[in-house]
Amino acid sequence: MAQQDWWRSAVIYQVYVRSFADGDGDGTGDLAGVRAGLPYLAELGVDALWFNPWYLSPMKDGGYDVADYRAVDPAFGNLAEAEKLIAEARELGIRTIVDIVPNHVSDRHPWFRAALQAGPGSPERELFHFRRGRGRRGELPPNDWPSQFVGSAEPVWTRLPDGDWYLHLFTPEQPDLNWAHPVVRQEHEDILRFWFERGVAGVRIDSAALLAKDPALPDLASAPDPHPFVDRDELHDIYRSWRAVADEYDAVFVGEVWLPDTERFARYLRPDELHTAFNFSFLSCPWDPERLRASIDTTLAEHAPVGAPATWVLCNHDVTRTVTRYGREDTGFDFAAKAFGTPTDLALGTRRARAAALLTLALPGAVYVYQGEELGLPEADIPRDRIEDPMHFRSGGTDPGRDGCRVPLPWAAGAPHAGFGGEPWLPQPAGWASYAVDRQSGDPASMLSLYREAIRLRPAFGDGPLTWLPAPEGVLAFARAQGSLCVVNLADTPADLPPHSRLLLASGPLDPRGRLPKDTAVWLHG
Ligand code: TEU
């Protein structure tokens, strides 16, 4: 495979720096912790690391409120250390992907501070969306747009003492940039170059389908089509110019594009736009054989015409952890359905998550693994008084928020705070140490051993297409090039294995008659 095409079949590990490992003992994960963890990641066998934002930030939304894209937040380290990390990872054969948040900046970003200072009508305010309000005295927000935090009834406009309102699709501390302004475009291309010059191999684009706004900012109710701020055609021109920058460095993009319309989604993946985008329809898909198969088929069919590889994602820092989700009555993911106290069968969820790991790692395309997924961490219940996620507060306290999937990792079962470092910024639940890396490392039956083995064996599937094999109802079976097969049983009864010469890997024991039990997957050599 051509060197520049590494991303077509890569296993990419998502590092939520704040919770990966705490090198300096202050309770917050940092770049020193990641550098110390590089041998672990190399042993896991991943090709690249995607880092959630590590830039200077007041952390009102876990770093997605960026005050300076060219500086590393002091809680995490500094720029020199980021450069060292990128180089050290590269020496181990691991590439680095950084996260760019183009839709908005922090309200502490120099541009926004200058805009506040400069006052209504100033050129500084043109970099954002400032408007007068409606109503007799401008006391009503300029339009009816809903928050992009699902479940939030909070307005997306905040009024300043000078009477202007400004737009923020997320929190008030995240003012939206005006992408119709050439300075905004130029700045982001410079930021891309800044990180590519430092050896970064790729960029994840946050909220990639939200940047462009209808300049008239019309009410959604009166002008729903084309949508005034989701998936607007202007975006494609922006990403074409980004692509030209990336091509100079052989760097790649992965877009965070949540769009139900698969044809619209694929437009972002045309050859002169983004290389890849996250496949959220697969992530949201329930643990159901027909739905999973349909999701896989739709994904492959939508990517084929544009020549882009699919990505497979089971979880990330925004969604309920896989073992928890699969252990619930509703095994799909939907932001709007999140609730406190949902009953969960973790043993069941874990068995399914193990099978799902083998399923996704056998599919054609790139796979994302979110830190802790390889340890089988469940979603944690965070005591209400420790919740930090703005999604929780903006829902009026009804949504549990996203902190439950962001709890600091357990490294050593016997060490304080399970070896994370200092007193963790989010509490680790009771029993967290039982998931520790050192516990799982030597245990061939652990989730960690399964991930290590699966990532090691994954090249056996090659880069050829997927062919479905005849299988009993409720069983997914497919072959890839080079005679490797994956079989997943989601039926209630055990399934006979198809003819094969060798069993490569199983997510759980076969039954005494050599059949594949429910919620179990195997890799076979045909
Ligand atoms: O997420 C984007 C995001 O949350 C939406 O696009 C999502 O589809 C919608 O909110 C569902 O409620 C990214 C980051 O991953 C997230 O952590 C940040 O909070 C958010 O952007 C704002 O930067």
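Start by selecting G199: this glycine comes right after helix α5 and has a positive phi, near 90°. The model you have open is a predicted one, so treat this walk as a tour of a prediction.

**Stop 1: helix α5**

Step back from G199 to helix α5 and select residues 182-197. The helix has 16 residues, and from its first C-alpha to its last it reaches 22 Å, close to the 22 Å expected at 1.5 Å a residue. Now colour its buried positions: V184, E187, H188, E189, I191, L192, F194, W195 and F196.

**Stop 2: the whole chain**

Zoom out until everything is in view. How many helices and strands does the chain have? There are 14 helices and 18 strands. The radius of gyration is 23 Å, close to the 24 Å that the globule rule gives for 526 residues, so the chain is as compact as a globular protein of that length. Along its principal axes, the C-alpha trace spans about 75 × 50 × 45 Å.

If you switch on a surface, the exposed area is about 19,800 Å², with carbon and sulfur atoms supplying 52% of it. Buried residues make up 60% of the 526 residues. Of the contacts with a separation of 6 or more, 67% are between residues 24 or more positions apart.

**Stop 3: the eight-stranded sheet**

Next, show the strands of the open sheet with the order β11-β10-β9-β5-β2-β1-β13-β12; its pairing is parallel. At the edges are β11 (276-277) and β12 (311-313), each of which pairs on one side only. Strands of a sheet pair through backbone hydrogen bonds, either parallel or antiparallel.

Select β1 (residues 11-15) and β2 (residues 48-51), which run parallel and are joined by four bridges. Look for I12, whose bridge partner in β2 is A48, and for Y13, whose partner there is L49. Then turn to β5, which runs parallel to β2 and is joined to it by three bridges. L49 stands opposite T96 in β5.

Stay with β2 and show its side chains. In a regular strand the side chains alternate between the two faces of the sheet. Which residues of β2 are buried on each side? A48 and W50 are buried on one side, and L49 and F51 on the other, leaving both faces of β2 covered.

To finish this stop, add helix α6 (residues 234-249). This helix lies across β5 (95-100), β9 (202-205) and β10 (252-255), and runs at about 145° to β10.

**Stop 4: backbone details in two loops**

Most residues other than glycine have a negative phi, and most peptide bonds are trans. Here are some places to look at with that in mind.

Go to the loop between β9 and α6 and select P226. A cis peptide bond joins D225 and P226, with omega about -5°. The same loop, between β9 and α6, also holds D231. Phi of D231 is near 60°, a positive value in a residue other than glycine. Is D231 buried or exposed? With a relative accessible area of 10%, D231 is buried, because the cut-off for buried is under 20%.

Now jump to A418, in the loop between α12 (390-394) and α13 (437-441). A418 has a positive phi of about 50° although it is not a glycine. At 7% relative accessibility, A418 counts as buried.

**Stop 5: R328**

Select R328 in the loop between α10 (322-325) and α11. Leaving aside neighbours within four places in sequence, R328 is in contact with T320, T342, P343 and T344. For a ruler exercise, draw a C-alpha to C-alpha distance from R328 to A212: the two are 37 Å apart in space and 116 residues apart in sequence.

**Stop 6: the five-stranded sheet**

The last stop is the open sheet with the order β14-β15-β16-β18-β17, where pairing is antiparallel. Strands β14 (467-468) and β17 (502-506) stand at the edges with a single partner strand each, so one side of each is left without a neighbour in the sheet. Helix α11 (residues 346-362) packs on this sheet, touching β15, β16 (484-489), β17 and β18 (520-525), and its direction makes about 40° with that of β18.

Zoom in on β14 and β15 (residues 475-480), an antiparallel pair with two bridges. W468 has F478 in β15 as its bridge partner. Finally, bring up helix α14 (residues 447-457), which lies across β17 and β18 and runs at about 135° to β17.

Technical notes:
Residues are numbered from 1 along each chain as its sequence is written. This is a predicted model: local features need pLDDT of at least 70, side-chain atom pairs count only at pLDDT 80 or more; totals for chains, interfaces and linings use all residues. Side-chain values use heavy atoms; hydrogens and water are left out. Two strands pair if DSSP finds at least two bridges between them. Contact means heavy atoms within 4.5 Å. Axes are lines fitted to C-alpha atoms, for helices over the stretch in contact, and angles run from 0 to 180 degrees between N-to-C directions. The radius of gyration is taken over C-alpha atoms; the globule rule is 2.2 Å times the number of residues to the power 0.38. Buried means under 20% relative accessible area, exposed over 50%, partly exposed in between (1.4 Å probe, protein chains only). Accessible areas come from the Shrake-Rupley method with a 1.4 Å probe; for residues, only the protein chains shown count as cover. The expected span of a helix is 1.5 Å times one less than its number of residues.
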